[in-house]
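Me: I should like to go through this model and ask, for each label, what justifies it. Please set the values against the criteria and conclude from there.

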Amino acid sequence: MGRGYNTIAFDAAKCDGCGDCMTACATVKTGTDDKARSRIQIVGSESDGFELALCRQCGDPKCVTVCPAAALTKNYDTGVIEWNAAKCVDCLLCTIGCTYAGIALDAGVGHVAKCDMCYASPAGAPACVPACPHDALTYITTSRIYNEVGDWEDLFAPGLAGCQGCNTELLMRHTLRRVGPDTVLATPPGCVPGMGSVGFNGTTGTKIPVFHPLLTNTAAMLAGIKRQYKRVGREITALAIAGDGGASDVGFQSLSGAAERNEQILFMVVDNEGYMNTGMQRSSCTPYGAWTSTTPVGKGSGGMPAQGKTQDAKNLPLIMVNHRCEYVATASTAYMEDLYDKLDKAIQASKRGFAYLHVYSPCTTGWRFPTDQNMEVARKAVETNFVMLWEYTRATACTSRGRSMIRCRSRSI
Amino acid sequence: MTTATLDAPSQARPAKQKVILCEGNEAAALGVALARPDMVAVYPITPQSSLVEHVAKLIADGRMDADIVDAEGEHSVLSVLQGGALAGARTYTATCGPGLAFMFEPYFRTSGMRLPIVMTIVTRDGITPQSVWGGHQDAMTVREVGWVQVYCETVQEVLDTTVMAFKIAEHHDVMLPVNVCLDGNYLSYGTSRVELPEQAEVDAFMGVKDVNWHVALDPLRPMAVDPLTGGSGGKGPSSFVRYRKGQCRGMQNSLRVIEEVHQEWAQRFGRNFAPLVEEYRLDGADYAIMTLGSMTGAAKDAIDEARDAGKRVGLIKLKTFSPFPVEALLKSLRKVRALGVVDRSVGFRWNCGPMYQETMGALYRLARESGSILPSMSFIGGLAGADITVGHFHRVIEATEKLLTGSAPTEPVWLNEKD
Amino acid sequence: MATGIKPNMAYLEGQVSGPDKGVEHDRGILVSDTMQTSVANVWAAGDCAQAKGFFTEARVINSILPDATEQGRIAGMAMAGDPGLKKYPGGMSLNTYHFFGRHAISVGSSAVPEGAEVVTRFDEASGRYLKAIFLGGRLLGIYGVNEFFDAGVMCQLILRRVDLSAVRERFLANPMAVGRELMSKLWR
């Protein structure tokens, strides 16, 4: 299995072209503040948008293959394409090989120069990223998850039958890999069993014990399972992957009861803001103004147009905080490192008591956006503060990691 | 009030049986303790409350080693137990009336998943007109959902049947949940002399616990429990039919198992309860009345008095109501020429008592066999805590006797209508 | 000073050129756009190969290292039956030089076909020289002396036939920045 590497991500929408990243790079790499000598180059303009010339640390780098002196090599531990000054013959063929101007002549010294992700620096991380005042640059270290989790057994068979572009399959696979095989999984009626978690007529997509609880009794059934294994001295994780409707509406009583009793359960709610599996009906987690098939938009009657749901969403995770659970957190598949961090904490907390994880999950089918946009919609939901990522423990109460919001740019005419 | 009558001991009994005085709810709790469940889930409701209080106290006092879950409602009570059972626990709870109605969703599912959960129904009338008093309406309402349902006559029978219920439920040929029905007010609070079996004797009777060999949520033997089944294509119809037919087979098997377990109980503990159908002074009877539950005590007194007065009347009592013990009942029905059936609840669809309605099915079998129809009628009494007295049963006997010579009324007789 | 490379074809002399008769060759070994020679199971790549040009269907010897590595990769993938194989787009002239303190870059074709437009600018003071050839908004070739642009980026703009009509003036003013900007956009 291939390895994943850390990378520098650029969000053009957040960049204002200030050049602080270039200054930071030039300072670290050349000891000057000459932006032209920076390994990262921001190009473009306010009117046309800003763009980036930076080594992509390609998996199959052409700069390396064209080098006649073997001065460039791909380091398969770090992923960085390393340049060896002692071997370089200054032929510049590498600059012909690169599509993105990731390696270019540093006219100041007459040699090529390229980004090495500052791996050798004391920080071990790129200097440009923290220099950006707008979070347009992000140092993505999610590859850690890929490298670590990728080798663990996928506890779902290939080919779960989710809708195109749905992120819940991703969530299920990651969660199960992390929680591991000593787990009993409850998937109450909804999208998750709809994908085949429990299966149909004798076939199943799951390699661990799995069942349909009723929509109404997920937490109660898991409580019984966990208690009996505890009684006989066996360590298992009682895990629910439930939808928002079952958890916030008809299953809320059993959820609340189990949380109040501090049952040792890891309860994950996949919040796609409605009963999507049955055809996008309104749930109490549907937000204000949202179209659903039971809160449609129309001309209405008596002069009152129908404008979707007329109430705010129930804030289920906050309600769970008021049960004083061992752990409560909200997460998003657009922030996998954060999700993994919270999942780890939730797993640990579920050994002591009730752990609740609320994952915001855009629904390509129900929300009717293009199927390749799920992660982007999930990310935007967080960046715009439409949903908030936070966590609660009894010791810390509610905390949220600082995260800059998307910048709304006003354009002069 | 109906007097609980103890059966005369028919066999040499084991020496060590402590005699105590207790109410039916406590007897049920003691029976539960003797059966050593792993998990008990409780939610209070009149007239069941003192039962779960007794269970909680037994656990708190260290006289019972079970995990007790104070759930937030009956729906979760049964759901917690389903989880426990799927993880291998022997499980128990009790409820009635509105609580039973609230737990209907998981209740229906328990039999479908073949989980051998034992649940006492301390029967209660209602739900509306509002009533907190006894009556069989709750248990009768759920009679078609695949649980084995047995009704007790006495406080001693409550204790003994509660223990036996676990063995019946967990029998590999049955694997179905069992309701032990005891009459709210009359048995729940009725105090009586009770013989308490020794724990070691009961342990020997119960044998090795093995409740989830057939369906489990266990990482050591992973399986998908209750996948979607049915539909009109592929293996759908056949797999669904296979499940349902298995349930029906389990129900039918339970009739034999109930008899076997009662026999073994009698051998070990010296108390002989009719497992399916009890006959009382039926030999030489021209006609019979039919009863269920605690009302039978008063009915037997009335039969004794009627016999003394020269009336050729006997009594048939059902203990097992679900599955309906039609073969056993037919043996008794063949002995008489008229039948009056007394119900403690109503069957809304047929304008008669539910037991009467079920018995009509047996009477059809009898008619096919004999070529003639046994005249019968329905009596409804004891609703919402009302007493069915010896006097009421004399009215039942007189009306049933008239069936021998006249035509059968189509309307039921409401015994407490003018009380 | 010398230019050009001539493959040694002597070892193929005496063969009868033609199908099933030997390896077809001209000034170099003639290959298809998957680097296969006229003989089954024989491939050729690099300085010895005469493959199609990017600007012409006629087969040319394009003896530069980037082409050699590209051809070698294609030949290898073809031998292995790799389903990811993409056909050779055709050779293109590419070079970078350091001569006499000047830095020169040439990418693409210097030929000026009918309808093409040649733009040059020269700044005597700095010695900066730029020549670009466009056809229908698309770049055919670009040459610079002391004009620092990225040869790899220009190569891709030509190979991908990127329409530069909308950015032409900006591009000519600053080919390095605008070229990088375009490739960055294409990447996203």
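Reply: Let us begin with a criterion: a salt bridge requires a side-chain nitrogen of Lys or Arg within 4 Å of a carboxyl oxygen of Asp or Glu. The model to which it is applied here is predicted.

Me: What makes Asp38(B) and Arg231(A) a salt bridge?

Reply: The closest N and O atoms of Asp38(B) and Arg231(A) are 3.1 Å apart. The cut-off is 4 Å between a side-chain nitrogen of Lys or Arg and a carboxyl oxygen of Asp or Glu, so the pair qualifies. Across the interface of chain B and chain A, the rule finds 5 salt bridges.

Me: How many residue pairs are in polar contact across the interface of chain B and chain A?

Reply: There are 15 such pairs, with both residues at pLDDT 80 or more. Strand 3 (67-70), helix 3 (74-86), helix 5 (104-112), strand 9 (224-225) and helix 9 of chain B each give two or more residues to the side that touches chain A. Helix 3 of chain B provides the largest share of that side, 8 residues. By class, the side of chain B comprises 22 nonpolar, 12 polar and 10 charged residues.

Me: How do you know that chain B and chain A are in contact, and how many residues does each give?

Reply: Contact means heavy atoms within 4.5 Å, and 44 residues from chain B and 37 residues from chain A take part. The two chains bury about 2,900 Å² between them, 55% of it on carbon and sulfur atoms. On the chain B side, Glu72(B), Leu217(B) and Pro219(B) lose the most area to chain A, together 20% of what that side buries. Of the 2 pairs of chains in contact, chains A and B share the most contacts.

Me: Which label fits chain B and chain C, joined by contact or not joined?

Reply: They are not joined: no contact links chain B and chain C, and their closest C-alpha atoms lie 37 Å apart.

Me: Why does the radius of gyration of chain B agree with that of a compact globule?

Reply: For 419 residues, a compact globule would have a radius of gyration near 22 Å; chain B has 21 Å, and therefore the two agree. The C-alpha trace of chain B spans about 70 × 60 × 45 Å along its principal axes. Chain B contains 13 helices and 16 strands.

Me: Into which domains is chain B divided, and where do their centres lie?

Reply: Chain B has domain 1 (17-213 + 249-269) and domain 2 (277-414). Their C-alpha centres lie 27 Å apart. The contact takes 28 residues from domain 1 of chain B and 30 residues from domain 2 of chain B. About 2,200 Å² is buried between these domains, 52% of it on carbon and sulfur atoms. Within domain 1 of chain B, Arg143(B), Glu153(B) and Tyr186(B) lose the most area to domain 2, together 31% of what that side buries.

Me: What makes Glu358(B) and Arg143(B) a salt bridge?

Reply: The closest N and O atoms of Glu358(B) and Arg143(B) are 2.9 Å apart. The limit is 4 Å, so this pair too is called a salt bridge. Between domain 1 and domain 2 of chain B the rule finds 6 salt bridges, and 19 residue pairs are in polar contact, both residues at pLDDT 80 or more. Helix 9 of chain B gives the most to the side of domain 1 that touches domain 2, with 6 residues. That side of domain 1 of chain B divides into 13 nonpolar, 10 polar and 5 charged residues.

Me: How many salt bridges and polar contacts are counted between domain 1 and domain 2 of chain C?

Reply: The count between domain 1 of chain C and domain 2 of chain C is 0 salt bridges. The rule also finds 0 residue pairs in polar contact across their interface, with both residues required to be at pLDDT 80 or more. The side of domain 1 of chain C that touches domain 2 has 4 nonpolar, no polar and no charged residues.

Me: What area do these two domains of chain C bury, and which residues of domain 1 supply it?

Reply: They bury about 480 Å² between them, 81% of it on carbon and sulfur atoms. Phe54(C), Phe55(C) and Ile64(C) supply 93% of the area that domain 1 of chain C buries against domain 2 of chain C, more than any other three residues.

Notes:
Residues are numbered from 1 along each chain as its sequence is written. Chains are lettered from A and ligands numbered from 1 in the order in which they are written. Side-chain values use heavy atoms; hydrogens and water are left out. Buried area is the accessible area (1.4 Å probe) that two parts lose on being put together, summed over both. A polar contact is a pair of N or O atoms within 3.5 Å; within protein, one must be able to donate a hydrogen and the other to accept it, and residues adjacent in sequence count only if both atoms are side-chain atoms. Ala, Val, Leu, Ile, Met, Phe, Trp, Tyr, Cys and Pro count as nonpolar, Asp, Glu, Lys and Arg as charged, and the others, Gly among them, as polar. Domain bounds come from an automatic or database domain assignment. Helices (H or I, at least four residues) and strands (E, at least two) are DSSP runs, numbered from the N terminus. The radius of gyration is taken over C-alpha atoms; the globule rule is 2.2 Å times the number of residues to the power 0.38.
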